[in-house]
Amino acid sequence: MNVILRAAAAAALVFGQMVPASATTVTFDDLTDYLIDEAYVENGVSVSATTPGGGLTSYSTPGTLHLDDGGTGETAGALFTTGGMFDVLGFSFISLGFNFYDEAPAVVGNILIRGFLNGSQVVRDRITMSPVFGTVQNIVLGSAFAGLDGFSIEILYPNTEAWCDAPCGHIDLDSVSFAGVGPVPVPLPASGVLFATAMAGLYLMRRRRRA
């Protein structure tokens with residue numbers, strides 16, 4: 001009997017140490033339609049436009065989300081939520097360059113990333129988009145972007161006096177990676193008790209049959 005109970009306790013311990021939630025990536029591979037006032041959902045992550053009336057669509061690169069800073073129907077930003085808390089690991093994007101009619105000035109920090117918790121902004125940073133068309137940029141985020149319930153990426157119109165076409169800057173967003181996204185398994189101490197009880201019942205039944 002003690003052997004069975006020890007085995008049941010060991011099994012419960014193993015199951016109880018299972019990882020509660022795994023990492024996941026939003027690839028936008030299934031984004032085909034032009035979504036207005038409608039979220040795109042992938043792997044438990046909901047993506048919505050930060051621009052009122054802005055569309056979620058793949059514009060020039062299939063399997064990406066197009067973001068630009070105005071002048072088109074596409075959204076300038078995307079908000080990511082899961083209905084729970086998560087960590088943001090990073091993302092990648094393809095720069096589609098700038099279109100200045102005057103001599104192109106240096107543009108710094110035209111991509112704004114923000115993290116939210118309970119409706120309040122708790123962290124923010126800026127990234128500079130490459131001016132070279134087709135450049136792939138991979139962004140890795142640190143612990144400051146952990147423990148969030150909302151995350152946004154927005155491209156901003158450059159703060160410059162030079163005349164720029166609209167959109168002035170635009171990117172194709174891809175592979176936004178998160179940790180802690182997904183259904184959390186039921187904690188298993190209770191399951192361990194049920195398992196031990198079942199094993200004990202089987203043991204008693206075997207003893208009765210032998211008697």
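User: When do two aromatic rings count as a pair, and how many such pairs does the structure hold?
Analyst: Rings of Phe, Tyr and Trp (its six-membered ring) pair if their centres lie within 6.5 Å. The model examined here is a predicted one. By this criterion, the number of aromatic pairs in the structure is nine.

User: Is the pair of Phe 91 and Phe 151 stacked, edge-to-face or tilted?
Analyst: A pair of aromatic rings is described by the distance of the centres and the angle of the planes. For Phe 91 and Phe 151, the centres are 6.4 Å apart and the planes stand at 50°. Planes under 30 degrees apart count as stacked and those over 60 as edge-to-face. The angle of 50° fits neither range, so the pair is tilted.

User: How many residues apart are Phe 91 and Phe 151, and in which strands do they lie?
Analyst: This pair links distant parts of the chain. Phe 91 belongs to strand β8 and Phe 151 to strand β12. Both residues are buried, and both belong to one aromatic cluster that also includes Phe 80 and Phe 178. The separation of Phe 91 and Phe 151 along the chain is 60 residues.

User: Is Ser 92 buried or exposed?
Analyst: Ser 92 lies in strand β8, which spans residues 87-100. Beyond residues up to four places away in sequence, Ser 92 touches several others, among them Gln 137, Asp 172 and Ser 175. Its relative accessibility is 12%. A residue counts as buried under 20%, so Ser 92 is buried.

User: Which strands stand at the edges of the open sheet of six strands?
Analyst: Strands of a sheet pair through backbone hydrogen bonds, either parallel or antiparallel. In this open sheet the pairing is antiparallel, and the order is β3-β4-β7-β12-β9-β10. Two of its strands each have a single partner strand, so one side of each is left without a neighbour in the sheet. These edge strands are β3 and β10.

User: How many bridges join β9 to β10, and how many join β9 to β12?
Analyst: Strand β9 runs antiparallel to β10, and it also runs antiparallel to β12. One bridge partner in β10 is Val 123, which stands opposite Gly 115, while in β12 the partner of Leu 112 is Glu 154. The bridges number seven between β9 and β10 and six between β9 and β12.

User: Which residue in the hairpin of β9 and β10 takes a positive phi?
Analyst: Leu 117 has Ser 120 as its bridge partner in β10. The hairpin has two residues between the strands. The residue that takes a positive phi, near 55°, is Asn 118.

User: Why is strand β9 described as largely enclosed?
Analyst: Strand β9 consists of residues 111-117, seven in total. It is largely enclosed by the rest of the structure because the number of its residues that are buried is five.

User: Which side chains meet in the salt bridge?
Analyst: A search of the whole structure finds one salt bridge, with an N to O distance of 3.1 Å. Its partners lie 40 residues apart, one in strand β9 and the other in strand β12. The residue in β9 is partly exposed, at 22% relative accessible area, whereas its partner counts as buried at 15%. The two side chains belong to Arg 114 and Glu 154.

Conventions:
Residues numbered from 1 in each chain as written. Predicted model: local features only at pLDDT ≥ 70, side-chain atom pairs only at ≥ 80, totals over all residues. Heavy atoms only, no water. Buried < 20%, exposed > 50% of the residue type's maximum accessible area, 1.4 Å probe, protein only. Helix = DSSP H or I, 4+ residues; strand = E, 2+ residues; numbered from the N terminus. Pairing = 2+ DSSP bridges. Contact = heavy atoms within 4.5 Å. Salt bridge = Lys/Arg side-chain N within 4 Å of Asp/Glu carboxyl O.
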